[in-house]
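This report walks through one protein chain. It starts with a helix and its packing, then turns to rings, loops and single residues.

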Amino acid sequence: MRYTTKTEYGLICMVYMAKHQEKEWISIKEIATEENYSVSYIEKILQALRQGNLVTSQQGNHGGYALAKRPSEITLRQIIDALEGGTFDAFCEPQVREDIVCNHICMCGAKPIWKKTKEILDHFYDSINLEMLAKPQAEVQNLIALTKTSF
């Protein structure tokens, strides 16, 4: 499990929008300038988030992007799913990637481990929302410490 810069930057864009909800629309250029990112890369990221129904957009001089829901209704898992396609891929599942499939499915004891790993990550990421992530780091740390994850 390794997330790309697409998810890192996407999460930062979402937090930026959550912190600036007083604005009706936020432009790609504004986010790119504030966060020192490429405009074209942010545009691709926001398009993926729009396809995931996490942001909405409006064209024109006064257009831009806005959160599609309240920050408390957008989970970390939804953001990761929109940008990466999922939280954790077990390559022993043929539907994951056809080019990387384990040939030892019937003999491998790791498959239940990978399945449980995905369940734990999904549950944990579902418990974290954008409203939490927009808070100062110390507050987020305290909120995460209170999050219950069962193994």
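The model is predicted. In helix α1, the buried residues are Thr 7, Gly 10, Cys 13, Met 14, Val 15, Tyr 16, Met 17 and Ala 18. These buried residues pack against α2, α3, β1 (55–58), β2 (64–67), α4 (76–84) and α6 (130–133). Helix α1 itself has 15 residues. From first C-alpha to last, α1 reaches 21 Å, close to the 21 Å expected at 1.5 Å a residue.

## The chain as a whole

The protein chain has seven helices and two strands. Along the sequence they follow the pattern α-α-α-β-β-α-α-α-α. The chain has 151 residues, and 33% of them count as buried. Take the contacts between residues at least 6 apart in sequence: 60% of these join residues at least 24 apart.

## α1 against α4

How do the axes of α1 and α4 cross? They come within 10 Å and cross at roughly 135°. That angle makes α1 oblique to α4, because oblique covers angles that are neither roughly perpendicular (65 to 115 degrees) nor roughly antiparallel (over 145). The crossing of α1 and α4 is right-handed. On the α1 side, Lys 6, Thr 7, Gly 10, Leu 11 and Met 14 make the contact. On the α4 side, the contact is made by Leu 76, Ile 79, Ile 80, Leu 83 and Glu 84. Three of these α1 names recur from the buried set: Thr 7, Gly 10 and Met 14.

## Aromatic pairs

How many aromatic pairs are there? The count comes to four. One of them joins Tyr 9 and Tyr 41, with ring centres 5.5 Å apart and planes at 75°. Planes over 60 degrees apart count as edge-to-face, so this pair is edge-to-face. The pair links distant parts of the chain. Tyr 9 sits in helix α1 (residues 5–19), Tyr 41 in helix α3 (residues 39–51), and 32 residues separate them. Tyr 41 is partly exposed, at 26% relative accessibility.

Phe 124 and Tyr 125 form another pair: their ring centres lie 5.9 Å apart and their planes stand at 45°. That angle falls between the stacked limit of 30 degrees and the edge-to-face limit of 60, so the pair is tilted. Which residues do ring pairs link into a cluster with Phe 124 and Tyr 125? Tyr 3 joins them. Within this cluster, Phe 124 is partly exposed, with a relative accessible area of 22%. Tyr 125 is buried, at 11% relative accessibility. The cut-off for buried is under 20%, so Phe 124 misses it and Tyr 125 meets it.

## Thr 75, in touch with the ring cluster

Thr 75 lies in the loop between β2 and α4. Is Thr 75 buried or exposed? At 13% relative accessibility, it counts as buried. Leaving aside neighbours within four places in sequence, Thr 75 is in contact with Tyr 125, Asp 126, Ile 128 and Asn 129. Tyr 125 is also a member of the ring cluster.

## Ile 28 in α2

Ile 28 lies in helix α2 (residues 28–35). With a relative accessible area of 15%, Ile 28 is buried. Which residues does Ile 28 touch, not counting those up to four places away in sequence? They are Val 39, Ile 42, Glu 43, Leu 46 and Tyr 65. Cys 13 is 15 residues from Ile 28 in sequence, and their C-alpha atoms are 9.3 Å apart in space. Cys 13 is one of the buried residues of α1.

## Two asparagines with positive phi

Asn 36 has a positive phi although it is not a glycine. The same description holds for Asn 53. Both lie in loops, and both are exposed.

| Residue | Loop | Phi | Relative accessible area |
|---|---|---|---|
| Asn 36 | between α2 and α3 | about 60° | 69% |
| Asn 53 | between α3 and β1 | about 60° | 53% |

Exposed requires over 50%, so Asn 36 at 69% qualifies, and so does Asn 53 at 53%.

How values were computed: Residues are numbered from 1 along each chain as its sequence is written. This is a predicted model: local features need pLDDT of at least 70, side-chain atom pairs count only at pLDDT 80 or more; totals for chains, interfaces and linings use all residues. Side-chain values use heavy atoms; hydrogens and water are left out. Helices (H or I, at least four residues) and strands (E, at least two) are DSSP runs, numbered from the N terminus. Buried means under 20% relative accessible area, exposed over 50%, partly exposed in between (1.4 Å probe, protein chains only). Contact means heavy atoms within 4.5 Å. Rings of Phe, Tyr and Trp (its six-membered ring) pair if their centres lie within 6.5 Å; planes under 30 degrees apart count as stacked, over 60 as edge-to-face and the rest as tilted. The expected span of a helix is 1.5 Å times one less than its number of residues. Axes are lines fitted to C-alpha atoms, for helices over the stretch in contact, and angles run from 0 to 180 degrees between N-to-C directions. Angles under 35 degrees count as roughly parallel, over 145 as roughly antiparallel, 65 to 115 as roughly perpendicular and the rest as oblique. A crossing is left-handed if the near helix is turned anticlockwise from the far one by less than a right angle, and right-handed if clockwise.
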